[in-house]
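User: Hi! Could you walk me through this model, a few questions at a time?

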Amino acid sequence: MVCCRLSPVPGSGLVLLCLVLGAVSCYSLELNLTDSEKNICLYAKWQMKFRIRYETTSKNYKFVTISDLSNATYNGSICGDDQNGPKIAVQFGSVFSWVVNFTKEVSTYSIDIISFSYDTSDNTTFPDAKEKGIFTVYNPVAFGIPLNDIFRCNSVSTLEKNDVVQHYWDVHVQAFVQNGTTSTKEFLCDQDKTSTTAATTTHTTVPSTTMPTPKEKPEVGSYLVNNGNGTCLLATMGLQLNITQEKVVSVINIKPNTTDFTGSCHPQTALLRLNSSNIKYLDFVFMKNENRFYLKEVNVSMSLNNGSVFSIANNNLSYWDASLGSSYMCNKEQTVSVSEAFQINTFDLRVQPFNVIEGKYSTAQDCRAADNFLVPIAVGTALAGVLILVMLAYFIGLKCHHTGYERF
């Protein structure tokens, strides 16, 4: 569904495009600021999302995600003059505000500083917040763009400072529009330059299975799920996705600072769901089995670089097994094989989907303990086999020896 809404501001024309995909609402903001002669002086089109962590009065941490920007207003957005540079100011109700300032040099302009403010005094948005008041984070950006170019960055860019993570994508901006006409010449961000190069390489693949360039070890992220009684699920892990499609293998590292997480806890099952700009959902479903728990199900749906949607589900798994009341830990690399086309490599893994006490992990059951238990069994079995062979050789030799005497 595509819908449009006009939000007029004196001296400027503003268009808000709303894109609703499935159950996730995503709003693209498009801004055309005009000067006193009705010429466009600033053009911007972008998408963004914010995640804020705050401490509660019960000393737990909660997260607030802002992705529905349908109530945005633009008071304070200006084209700039000899004293002040252009500025985009966006407000989301009375709780959040976002400002980006631009500066100009002789032949370039810069996205200077991005600031984001939020008010924890709003009990509806920040229930049980320990500290009340308005908090502002400032992120200097300051990189030069040719004056007559429009800046483009379709890739996800992330700013993280203090307790705020900001995500931006599909960004197009020209802060100093010349002669009222936006430029057709684009200045690309580094991420888009990289993805363009990668896409060109992909088209040169041969019919045989093409292995990916080895990726570095993924960052380790910490995830949690809260219910009415506090934290009910904890997970810490680095995740690397291996996807095989049309004999081409893609390796994707999950980046915690660009990944949102939700979930739910029930008496017999627990769910951790991860999502990002290209991952609609990556679900880990845990189940109790008498006095133990294990990973039973993994579901994924995500968009790939070639524009296709990749979806896989398997509800018949048996990984990460541990006793209830403990956590499962494995610092070495492990592989969760969801299907022939989809595997997940885990690094520095620790999970506890049930019986979390005071938001902390319980004693861990280490995957190395199982390995250490198997080693003496294997050694003992090998020694027993050698002993049996020695005894057989002895008896065979003894029998041959007696047979020799009988011939005389």
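User: Where is the place of alanine 341?
Analyst: Happy to start there, and please keep in mind that this is a predicted model. Strand S26 covers 334-339. Alanine 341 sits in the loop between S26 and S27.

User: Is alanine 341 buried, partly exposed or exposed?
Analyst: Its relative accessible area is 21%. Buried means under 20% and exposed means over 50%, with partly exposed in between. Because 21% falls in that middle range, alanine 341 is partly exposed.

User: Which residues does alanine 341 touch, not counting residues up to four places away in sequence?
Analyst: Threonine 244 is a good place to begin: alanine 341 and threonine 244 are 97 residues apart in sequence, yet their C-alpha atoms are 4.7 Å apart in space. With sequence neighbours up to four places away set aside, the residues touched by alanine 341 are Asn242, Ile243, Thr244 and Phe310.

User: Is glutamine 343 buried or exposed?
Analyst: Glutamine 343 belongs to strand S27, residues 342-352. Its relative accessibility is 18%, and the cut-off for buried is under 20%. So glutamine 343 counts as buried.

User: Which backbone oxygen does the side chain of glutamine 343 reach at 2.6 Å?
Analyst: Two backbone oxygens come into play here. The side chain of glutamine 343 reaches the one of glutamate 340 at 3.1 Å. At 2.6 Å, the partner is the backbone oxygen of serine 339.

User: Which residues is glutamine 343 in contact with, leaving aside its neighbours within four places in sequence?
Analyst: One stretch of the list is Thr335, Val336, Ser337 and Val338. The rest of the contacts of glutamine 343 are with Gln240, Leu241 and Asn242. Leu241 is also among the residues of a core of 38 residues, together with Tyr223, Val225 and Ile344.

User: Which strand gives the most to the largest nonpolar core?
Analyst: The largest nonpolar core has 43 residues, and those with the most contacts inside it are Trp46, Ile88, Phe96, Trp98 and Phe116. Elements giving two or more residues to this core include S3 (24-34), S4 (40-55), S8 (96-104) and S9 (108-119). With 8 residues, the strand that gives the most is S4.

User: Which residues does phenylalanine 116 touch, not counting residues up to four places away in sequence?
Analyst: Phenylalanine 116 is one of the residues with the most contacts inside the largest nonpolar core. Two of those core residues, Phe96 and Trp98, are also touched by phenylalanine 116. In full, its contacts are Phe50, Ile52, Ile66, Phe96, Ser97, Trp98, Phe135, Thr136, Val137, Val164 and Gln166.

User: Which strand gives the most to the lining of the second largest pocket?
Analyst: This pocket holds about 480 Å³ of space, and 26 residues line it, with Ile111, Ile114, Val141, Phe143 and Phe151 nearest its centre. By class, the lining has 19 nonpolar, 4 polar and 3 charged residues. Helix H1 (190-202) is one of the elements that supply at least two lining residues. The strand that gives the most, with 4 residues, is S14.

User: Which residues line the largest cavity?
Analyst: A search of the whole structure finds 1 cavity of 30 Å³ or more, and about 30 Å³ of space lies in the largest cavity. Its lining has 2 nonpolar, 4 polar and 1 charged residues. They are Lys49, Val156, His167, Trp169, Thr258, Ser276 and Ser277.

Definitions and conventions. Residues are numbered from 1 along each chain as its sequence is written. This is a predicted model: local features need pLDDT of at least 70, side-chain atom pairs count only at pLDDT 80 or more; totals for chains, interfaces and linings use all residues. Side-chain values use heavy atoms; hydrogens and water are left out. A nonpolar core is a set of buried Ala, Val, Leu, Ile, Met, Phe, Trp, Tyr and Cys residues joined through side-chain atoms within 4.5 Å. Buried means under 20% relative accessible area, exposed over 50%, partly exposed in between (1.4 Å probe, protein chains only). Contact means heavy atoms within 4.5 Å. On a 1 Å grid over the protein atoms alone, a cavity is a set of points where a 1.4 Å probe fits but cannot get out, and a pocket is an open set with protein on both sides within 12 Å along at least five of seven lines; lining residues have an atom within 4 Å of a point. Grid points are joined across faces, edges and corners, and a volume is the space filled by probe spheres set on the points. Ala, Val, Leu, Ile, Met, Phe, Trp, Tyr, Cys and Pro count as nonpolar, Asp, Glu, Lys and Arg as charged, and the others, Gly among them, as polar. A polar contact is a pair of N or O atoms within 3.5 Å; within protein, one must be able to donate a hydrogen and the other to accept it, and residues adjacent in sequence count only if both atoms are side-chain atoms.
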